[in-house]
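I open this notebook to record what I looked up, entry by entry, in the structure shown below.

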Amino acid sequence: MERTHLHIVGGTSRSRAEQARIAFALGHHAEVYSGLDELLERAPGEGIILAAHDTVTGGTAGLIRRLSEAGVSLPVVVTADSFTINDVVDAITDGAMDCLLLPLEMNTLARRLQRVSAAAGPLVELRRRQIDARICINQLSRREREVLECLVAGKANKLIARDLDISPRTVEIHRANMMNKLGAGHAAAAVRLWMDAQLGAQIMPVAVSATPLLHSQTPAPISIAHTQAAARAHMPSAHLLRCA
């Protein structure tokens, strides 16, 4: 695979150094960060994030949220000394692309990074759209946002005016200001932006290869089929993004 920037976050300094050593041996570039705040001081625009499972409070969901708030849409791979099937399902459901067991094994890392890189494009694009849409919507005033929410619900100006207890003319003013701030030429474009902003809560990736090599004492390895079946039990099938 092409040379990749790996951003190694969290865990112990020894673990980060070992992960970086293996990344360099594979011909990749690696940067290490003691925590997420250090990474976000100069938010990366390319590469893959290898994050320890306990990098931030709130687990993978909290990590993805913090990255999104900072405008970072890079794929995330969660690392840990051990995983259970529930750990993997939770991480994937919350937005991780894959889970890797520490210490890393060179051939395994090479294979999994190749899969993540191949599958990451659609997910990164979805997250980028979400981030851009949220930035636009956050520019709206409270009233403009209320008008947008009513518009998304399919309400006409007269009904919006009644619901918000304002005049139809005032609705028109707020709607025009809202459309201008969103750069939307028509109502459908504004609704599209609203939907894009909600993507993170609606579409989650199924693991590219959520089959971390478990310790020998684990009774049965986690298979792709097991992980995907467990993930589907947590998510409506209509909203699965199949990256495998």
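Entry on a strand pair. I looked up the bridge partner of T79 and found L100 in β5. The model I am reading is a predicted one. T79 and L100 belong to a parallel pairing, in which strand β4, residues 76-80, and β5 are joined over four bridges.

Entry on the sheet. I then followed the pairing outwards and noted an open sheet of five strands with parallel pairing, in the order β2-β1-β3-β4-β5. Which strands stand at the edges? I find β2 (29-33) and β5 (98-101) there, and because each has a single partner strand, one side of each is left without a neighbour in the sheet. I also noted the turn between neighbouring strands of this sheet, which is 25° on average when direction is ignored.

Entry on the helix across the sheet. I looked up what helix α1, residues 13-25, lies across, and wrote down β1 (5-9), β2, β3 (48-52) and β4. Against β2, helix α1 runs at about 170°.

Entry on enclosed space. How many cavities of 30 Å³ or more does the count give? I recorded one, and for the largest cavity I noted about 30 Å³ of space. Its lining consists of A52, H53, T55, V56, G59, T60, L63 and V78, and I sorted these residues by class into four nonpolar and four polar, with no charged residue. Helix α3 (residues 59-69) gives the largest share of this lining, with three residues.

Entry on α6 and α8. I looked up how helix α6 (residues 142-152) meets helix α8 (residues 168-182), and found that their axes come within 9 Å and cross at roughly 90°. I therefore entered α6 and α8 as roughly perpendicular to each other. On the α6 side the contact is made by R143, E144, V147, L148 and L151, and on the α8 side by H174, R175, N177, M178, K181 and L182. By class, I listed five nonpolar, two polar and four charged residues for this contact.

Entry on α7 and α8. At what angle do the axes of helix α7 (residues 157-164) and α8 cross? I noted roughly 105°, with the axes coming within 8 Å, and so α7 and α8 are also entered as roughly perpendicular to each other. In α7 I listed N157, I160 and A161, which meet P168, V171, E172 and R175 in α8. The residues of this contact divide into four nonpolar, one polar and two charged. I marked R175 of α8 in my notes, since R175 is listed in the contact with α6 and also in the contact with α7.

Technical notes. Residues numbered from 1 in each chain as written. Predicted model: local features only at pLDDT ≥ 70, side-chain atom pairs only at ≥ 80, totals over all residues. Heavy atoms only, no water. Pairing = 2+ DSSP bridges. Helix = DSSP H or I, 4+ residues; strand = E, 2+ residues; numbered from the N terminus. Axes fitted to C-alpha atoms, helices over the stretch in contact; angles between N-to-C directions. Contact = heavy atoms within 4.5 Å. 1 Å grid on protein atoms, 1.4 Å probe; cavity = no way out; pocket = protein on both sides within 12 Å on 5 of 7 lines; lining within 4 Å. Points joined across faces, edges and corners; volume = space filled by probe spheres on them. Nonpolar A, V, L, I, M, F, W, Y, C, P; charged D, E, K, R; others polar. Parallel < 35°, antiparallel > 145°, perpendicular 65-115°, else oblique.
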